[in-house]
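Biologist: Please take a close look at the salt bridges of this structure. I should like them described one at a time, together with the places of the residues involved.

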Amino acid sequence: MKRTIMIFAVLATLSLGAYAQKVKVKNNVIYCGNVAYEQPVTVKFELENTGSSPIVINNVRTSCGCTTVEYPKQPIPAGDHFVVNATYDARMMGHFSKDVGLYTNNSEKPIYLTMRGVVVDEVVDFDANYDFTIGSLKTDADNVEFDDVNRGEMPVKKIHIMNTSNKTLSPTVMHLPNYLKATVSPTNIAAGRTGVVTLMLDSKHIRDYGLTQTTLYLGMFPGDKVASEKELPVSVVLLPAFTELTESEMANAPQISLSSESVDIDFNGKSKKSETILINNIGHSELDISSLQMFTNGLSVKLNKSKLQPGEQAKLKITAEAKALRRVRSKPRVLMITNDPMKSKIVININVK
């Protein structure tokens, strides 16, 4: 008898486990930013049925009558993505946090979704120069640079955007590497209104010191196609840390000296032009130039030696290509990473005339 009861209990436990909620939510909490008084705001929650059988949303509850919800009424097949839209009527001034509970056929516990923001008398747009175009958006930047980052730091960069189309857009950042996270606020941007793209860097996930570059794409809606006009280049410069060096080690450290930290290039009708910079180790131990990288296309470098003993000199030849440099967005520069604790990062600016 006891054995029968134990078997039944095990089967019941397995049954409950198989019946557990199998819905993945992209963002459980969405921040709407500033919302104009009596201007309803709608957020779009993206979900996925990750179970092996269809699910049905059979009940929806909200934290107040000021929030309405649109959701799929038909069964959602296994593996399908779906959208739940929540709209707040914005009839009360101040901060708001509105919850939506979705009840499905395969769990007694609801799926909670939250929209937050601030209702204000008037939405004041960010006073910026939207000089760049990405898709249907005007932006105040067309590339992002995380400079002088030490491992473990988590810096944040913001891009202000304006919807220049004649319809509401739901901008989304695509092709994010594991060291970057992105949010767009508000989720939906009406025609002529503005928002902010926030990029958060987790430097622990970057392996190598020096320059790491990637290209993100700013879509106009979830599932938008990747295209060159939606590109958003991002660069990160990760620096080695020398915080644990003793006073004696600092005194005996290498020290780099350059004949110049900028190069003037005058093509004067030529397709290519080269300039040379002299590098000296004026310190007391071996200087190691561990990384030499370019921020843009159109440049090439040649260093005759990367390890310099005290008193030694090296030559850095920088070659610029006119045609390629005409197409770059950001300023052409060369990045050098060294073991000089006082100058671990050196940026050589290329000034093209």
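Modeller: The count of salt bridges in this predicted model comes to ten. Among them is the pair formed by Lys26 and Glu46, whose closest N and O atoms are 3.8 Å apart. This pair links distant parts of the chain, since the two residues are 20 residues apart. Lys26 lies in the loop between β1 (23-25) and β2, whereas Glu46 belongs to strand β3 (residues 41-49). Lys26 has a relative accessible area of 49% and is therefore partly exposed. Glu46, with a relative accessible area of 26%, is likewise partly exposed.

Another salt bridge joins the side chains of Lys273 and Glu275, at 3.9 Å from N to O. Lys273 counts as partly exposed because its relative accessibility is 24%. For Glu275 the relative accessible area is 29%, so this residue is partly exposed.

A further salt bridge is formed by Glu312 with Lys305, and here the closest N and O atoms are 3.9 Å apart. Glu312 is partly exposed at 29% relative accessibility, and Lys305 is partly exposed at 29% relative accessibility.

Strand β2, which follows the loop holding Lys26, takes part in an open sheet of four strands with mixed pairing, in the order β2-β8-β7-β4. Because β2 (29-36) and β4 (57-62) each have a single partner strand, they stand at the edges, and one side of each is left without a neighbour in the sheet. On average, neighbouring strands of this sheet are turned by 20° against each other, direction ignored.

Definitions and conventions:
Residues are numbered from 1 along each chain as its sequence is written. This is a predicted model: local features need pLDDT of at least 70, side-chain atom pairs count only at pLDDT 80 or more; totals for chains, interfaces and linings use all residues. Side-chain values use heavy atoms; hydrogens and water are left out. Two strands pair if DSSP finds at least two bridges between them. Axes are lines fitted to C-alpha atoms, for helices over the stretch in contact, and angles run from 0 to 180 degrees between N-to-C directions. A salt bridge is a side-chain nitrogen of Lys or Arg within 4 Å of a carboxyl oxygen of Asp or Glu. Buried means under 20% relative accessible area, exposed over 50%, partly exposed in between (1.4 Å probe, protein chains only).
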